[in-house]
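Reader: I am new to this structure and would like a close look at a single part of it. Please start with one residue and work outward from there.

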Amino acid sequence: MCDGRCDDREGPPPRSGRKRGTQSQAIGRSKGGMTTKILALTDALGNLVRFHLMPGHRFDTVGVPPLIDGIAFDGLIADKAFDSNAIIADLDERGAAVIISQHPRRIGARKIDPAIYAWRHLIENFFCKLKEFKRIAMRACKTDRSFEAMIYLAAAVINSR
């Protein structure tokens, strides 16, 4: 009966052994503090097709394969953050047009059509509309599931306008 305690009170409850916190909540420290990155894919009209959440400190190129997996498309318009040899090789293999702004240090720069690249404003407009929702702009939801649900809800409201 003596378990090393000097009093008759019960000890603390046994712990479950699991870590709590933000391990799988797509929250990561970046220059601006704790943030979440939203990688989004929109159609030619600027409507949300799919998105992927990542911690703020991860590279954008890591989230592209799950974002475009299983989706057929003829071309991808993206900014410099997606200028990766692996992504370009995957798009070339699919037969999709690659319209990605390139890093100045890239060897063997690819030609992109500036008229087509100008349509990238559709994804930027989508993010501006998405950030009008305070709960999304401030990442008010604690879990990824509730944050994803809020993004889907906001996208539905945006599409209904």
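Author: Ile116 is partly exposed in this predicted model. Its relative accessible area is 36%, and because partly exposed covers the range between under 20% (buried) and over 50% (exposed), the residue belongs to neither of those two classes. Ile116 sits in helix α3, which spans residues 114–117.

On the surface, Ile116 joins Ile77 and Trp119 in a nonpolar patch. Together these residues have about 280 Å² of accessible area. For the protein chain as a whole, the exposed area is about 11500 Å², with carbon and sulfur atoms supplying 55% of it. Of its 161 residues, 33% count as buried.

Ile77, another member of the patch, leads to strand β4, residues 75–78. In a regular strand, side chains alternate between the two faces of the sheet. The strand β4 has an uncovered face with Gly75 and Ile77, and a covered one with Leu76 and Ala78. Its pairing is with strand β5, residues 97–100, in the parallel sense and over four bridges. Within β5, Ala97 is the bridge partner of Gly75.

The chain also holds an open sheet of three strands, in the order β1-β2-β3, with antiparallel pairing. The edges are taken by β1 (28–30) and β3 (48–55); each has a single partner strand, so one side of each is left without a neighbour in the sheet. Direction ignored, neighbouring strands of this sheet are turned by 50° against each other on average. Strand β2 covers residues 33–42 and is joined to β1 by three bridges, the two running antiparallel. At this pairing, Ser30 stands opposite Gly33 in β2.

Helices lie against this sheet as well. Helix α6, made of residues 144–160, packs on the sheet and touches β2 and β3; its direction makes about 150° with that of β3. Helix α4, residues 121–130, lies across β2 and β3 and runs at about 130° to β2.

To place these parts along the chain: there are six helices and five strands, and from the N terminus on they run β-β-β-α-β-α-β-α-α-α-α. Among contacts with a separation of 6 or more, 37% come from residues 24 or more positions apart.

Methods
Residues are numbered from 1 along each chain as its sequence is written. This is a predicted model: local features need pLDDT of at least 70, side-chain atom pairs count only at pLDDT 80 or more; totals for chains, interfaces and linings use all residues. Side-chain values use heavy atoms; hydrogens and water are left out. Buried means under 20% relative accessible area, exposed over 50%, partly exposed in between (1.4 Å probe, protein chains only). Contact means heavy atoms within 4.5 Å. Accessible areas come from the Shrake-Rupley method with a 1.4 Å probe; for residues, only the protein chains shown count as cover. Patches are made of residues with over 30% relative accessible area and no salt bridge: like charges are joined within 9 Å, nonpolar side chains (Val, Leu, Ile, Met, Phe, Trp, Tyr) within 5 Å. A salt bridge is a side-chain nitrogen of Lys or Arg within 4 Å of a carboxyl oxygen of Asp or Glu. Two strands pair if DSSP finds at least two bridges between them. Axes are lines fitted to C-alpha atoms, for helices over the stretch in contact, and angles run from 0 to 180 degrees between N-to-C directions.
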